Amino acid sequence: MSAQYVDSFADDLGPVKILHIYEPKTQLRAIVVVDNLAMGPAIGGCRMATDVSTREVFRLARAMTLKNALNDLPYGGGKSAIIGDAGSDQKEAWVREFARSIRHLEEYIPGPDMGTDEQSMAWVQEEIGRAVGLPTALGGLPLDELGATGFGVAVAADAASEWMQMPLPDARVVIQGFGNVGRAAARFMLERGARIVAVSDSEATLHDASGLDIPALMQHVGRGEKLAAAKQGQVLQRDAALGIDCDIFIPAARPDVFTEANQHLLKATLVLEGANIPITHEAARVLHERGIVVIPDIIANSGGVICAAAEFGGRTREEAFDAIRKTVYRNTTRLLKRVRERKQFPHDAAMKMAREPLLKKMGLYANT
Ligand SMILES: NC(=O)c1ccc[n+]([C@@H]2O[C@H](COP(=O)([O-])OP(=O)(O)OC[C@H]3O[C@@H](n4cnc5c(N)ncnc54)[C@H](O)[C@@H]3O)[C@@H](O)[C@H]2O)c1
C-alpha cells in the first residue's frame, strides 16, 4: 500500500487504522476504518452492501468521531462494511467470519447499520462478546423499535422552538421518509401537539393541510403497505414534500436532498436533520441567509448513538432516553447561541463544537 493511499485520507483527526479483510473460504470481503480514539474505543455500525468503498467507510467513520465527541460520549469513531448483498444466504457466515476477524481489534465496537440488524449483532456478540444494538433478550435497547433517533429529533424541536419562540402545538410539520426515523419523529411531534401535514416515502407524498392521521398511517405502513395506498389526504408525487408550506421540515430519508439548485423549494422556518447529510453545506448556507434555522444531523439525529452507547454501558431504556433528552436539548441550545453570537453558519458551528473537545483531548487545541 503506497503512502499516498494513507495520505489521501489522513488529516488532523485520523484515521488511525484502515483494515481490509479477505477470507478465502467464505469469500468474506470487508473494510474497517478506526478513525479516532481520543475519546475512547470506537463505536460505529457495520454496513452490508455490494457497492461500499474504503472512502465511504472512512467518511462514515469520521461522522461517528464527530457525533460521539459532540454528544460527550466516551467513544471514538469507527465504521465497517461487509462487501456483499444483505439478502445473500451467506449473510450469517460472513457476519460471523467478520466478527472473528476483528476479535483482536478491541478498539472497535460494531453496531447495526444499513443491511445489518439486531440479529447480526447477536451473531457478532456470540462470536466475540463485543457489539451494540443487540436484541432485547441479550440485554439490548432496540433503538429503532424505541424510536430513539426520532425522539432526539423531537427534543431538538423543543429546544429550537423555545429559542425561536415558535410554539409546537399546531406547528405544521412535513416529514420526508416514513421509516424508522420518520415514523418515530412523527409520533413524538404529535405528542407535542404538532400537526403533521405531509409525509413521503420512496414513491409518493401524502398531504393534508388539516393534519394526517399518523397512528392510522403507522398501522398501514406496519402492514408493509406504501403511503400512496393509505386512502388519506392528497397523493402527490414523491418530491412534492420538499416544497410544501410548513413550519418544520424533517428530512428522514436520503442524503443530499437539498442542494444549492433546489433549496429555493423549501418553505419552512425550521429544519431538523433526521437523516445524515440531507442538506449540502452550500445549500445550508443559503438557507441560513434566507433566515431558515437548520439543526444539523450530528445534533438532531444523535438519539440513536446515545441509545447505543447507553446500551453498551449497561444502562436502562429510561436512562438512555433521559440522556437523549438532556444532551440533544443542551447541544441544540448551544448551537443556536453560537450561531447568533459568533455569527457562524449552523453546520460550521456544529463541526467546531465537535472538534473542540477532540482536539483538546489530543493536545492539539488551537482555539479553532
Ligand atoms: N435508524 C436510526 O436510528 C438512524 C440514526 C441516525 C441517522 N439515521 C439516518 O436517517 C435516515 C433514515 O433512516 P431510517 O432508519 O429511518 O431508514 P428506513 O429505511 O427505516 O426508512 C427510510 C424511509 O425513507 C423513504 N425513502 C427512501 N427514499 C426516499 C426518497 N427519495 N424520498 C422520500 N422518501 C424516501 C423510504 O421509503 C422509507 O420510508 C438515513 O439517512 C439514516 O442514515 C438513522
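Which element gives the largest share of the shell around the ligand?

1. The model discussed here is predicted, and the question above is a convenient way into it. The answer is α7, from which 3 residues of the shell around the ligand come, the largest share. Besides α7, the other element that gives two or more residues to this shell is α5, which spans 143-146.

2. The shell as a whole has 22 residues surrounding the ligand, and the closest of them are Gly177, Gly179, Asp201, Ala275 and Gly304. By character, the residues of the shell divide into 12 polar, 6 nonpolar and 4 charged.

3. The helix α7, residues 180-191, also packs against another helix, α6, which covers residues 148-164; their axes lie 7 Å apart and make an angle of about 45 degrees. The two helices are therefore oblique to each other, and their crossing is right-handed.

4. For a reader who wishes to follow this contact in the structure, the α6 side consists of Thr149, Gly150, Phe151, Val153, Ala154 and Ala157, and these meet Val181, Arg183, Ala184, Ala185, Arg187, Phe188 and Met189 in α7. The residues of the contact of α6 with α7 divide into 9 nonpolar, 2 polar and 2 charged.

5. A second helix pair is formed by α2, residues 54-70, and α13, residues 346-361, which pack with their axes 8 Å apart and at an angle of about 80 degrees. That angle falls in the range of 65 to 115 degrees, which makes α2 roughly perpendicular to α13.

6. In this second contact, α2 contributes Leu66, Ala69 and Leu70, whereas the residues they meet in α13 are Ala350, Met351, Met353, Ala354, Pro357 and Leu358. The residues of the contact of α2 with α13 divide into 9 nonpolar, with no polar and no charged residues, while the contact of α6 with α7 includes 2 polar and 2 charged ones.

7. Turning to the strands, β1 (residues 17-23) and β2 (residues 28-36) run antiparallel and are joined by 7 bridges. One place to see the pairing is Ile18, whose bridge partner in β2 is Val33. The two strands form a hairpin with 4 residues between them, and in the turn Gln27 has a positive phi of about 60 degrees.

Notes:
Residues numbered from 1 in each chain as written. Predicted model: local features only at pLDDT ≥ 70, side-chain atom pairs only at ≥ 80, totals over all residues. Axes fitted to C-alpha atoms, helices over the stretch in contact; angles between N-to-C directions. Parallel < 35°, antiparallel > 145°, perpendicular 65-115°, else oblique. Left-handed = near helix turned anticlockwise from the far one by under 90°. Contact = placed C-beta atoms within 7 Å. Nonpolar A, V, L, I, M, F, W, Y, C, P; charged D, E, K, R; others polar. Near = placed C-beta within 6 Å. Pairing = 2+ DSSP bridges.
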